[in-house]
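Biologist: Could you take me through one part of this protein closely, the pocket and the strands around it? I would enjoy a connected account, with your terms spelled out as you go.

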Amino acid sequence: MPMNKKPTIALRPLLAGLALLFWALPAASQCSVSASSVAYGSYDPLAALPVDSVGTVTVSCALSLGYNIALSTGGAGSFSPRKLSNGPDTLNYNLYTDPTYLTIWGDGSGGTATVSGAIGLLLLPINHTVYGRIPGGQNAAAGSYSDTITVTVTY
């Protein structure tokens, strides 16, 4: 056998093995998600202006891939409006995809939208801002109001 054919024969199994390794990696990929609260602070029921705040959803994945982020309705069972509660008392609020407060961040149903992203080759965590707004002029009793939102990442 000529000498120049040995490297070609030796490389074929190596290249096939690498192709198989890269083919198998996406099935083993994993993502994690963390979120910071949207904390509104004090609310004045006599104020006509809304109270705005932001939070963050951070997505980290083990491999380069695309993903989609959905937010649940919370305790209200509805996207519009979501409700912060303090026992029987509630305050209407909502969560949005951008600072224009026009697109409700939900699960893609009922006029809501989800947020998409992609993890690049550097595999760094990606932060997505959640824009929250409580409309002004709501008659609310004094107290601490809260809601729990479930963040779902599909990839």
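Modeller: Gladly! Helices (H or I, at least four residues) and strands (E, at least two) are DSSP runs, numbered from the N terminus. Read along the sequence, the pattern is α-β-β-β-β-β-β-β-β, that is, one helix and eight strands. Please keep in mind that this is a predicted model, where local features need pLDDT of at least 70, side-chain atom pairs count only at pLDDT 80 or more, and totals for chains, interfaces and linings use all residues. Residues are numbered from 1 along each chain as its sequence is written, and side-chain values use heavy atoms, with hydrogens and water left out.

Now to the pocket itself. On a 1 Å grid over the protein atoms alone, a pocket is an open set of points where a 1.4 Å probe fits, with protein on both sides within 12 Å along at least five of seven lines; lining residues have an atom within 4 Å of a point. Grid points are joined across faces, edges and corners, and a volume is the space filled by probe spheres set on the points. The largest pocket holds about 640 Å³ of space. It has 30 lining residues, and V38, Y40, L84, S146 and D147 are the closest to its centre. At least two lining residues come from each of β1 (31-36), β2 (51-61), β5 (89-96) and β7 (126-134), and β5 gives the largest share, three residues. By class, the lining has 20 nonpolar, nine polar and one charged residues; here Ala, Val, Leu, Ile, Met, Phe, Trp, Tyr, Cys and Pro count as nonpolar, Asp, Glu, Lys and Arg as charged, and the others, Gly among them, as polar.

Strand β7 is a good one to follow from here. I134 is found in this strand, and its contacts (heavy atoms within 4.5 Å) include Y40 and L84, leaving aside neighbours within four places in sequence. Those two residues also appear among the closest to the pocket centre. I134 is buried, with a relative accessible area of 2%; buried means under 20%, exposed over 50%, and partly exposed in between, with a 1.4 Å probe and protein chains only. N92 is another contact of I134: the two are 42 residues apart in sequence, yet 6.2 Å apart in space, C-alpha to C-alpha.

H128 is also in β7 and is likewise buried, at 10%. Its side chain is joined to that of Y67 by a polar contact of 2.6 Å. Such a contact is a pair of N or O atoms within 3.5 Å; within protein, one must be able to donate a hydrogen and the other to accept it, and residues adjacent in sequence count only if both atoms are side-chain atoms. Not counting residues up to four places away in sequence, H128 touches W105 and S116, among others.

S116 takes us to strand β6 (residues 115-118). With a relative accessible area of 55%, S116 is exposed, whereas H128 is buried. The side chain of S116 makes a polar contact of 3.1 Å with the side chain of N68, and S116 is also in contact with Y67, the polar partner of H128.

Two backbone details round this off. Most residues other than glycine have a negative phi, and most peptide bonds are trans. Y101, in the loop between β5 and β6, has a positive phi of about 60 degrees although it is not a glycine. A cis peptide bond joins S80 and P81, with omega about 0 degrees, and P81 sits in the loop between β3 (66-71) and β4 (82-86).
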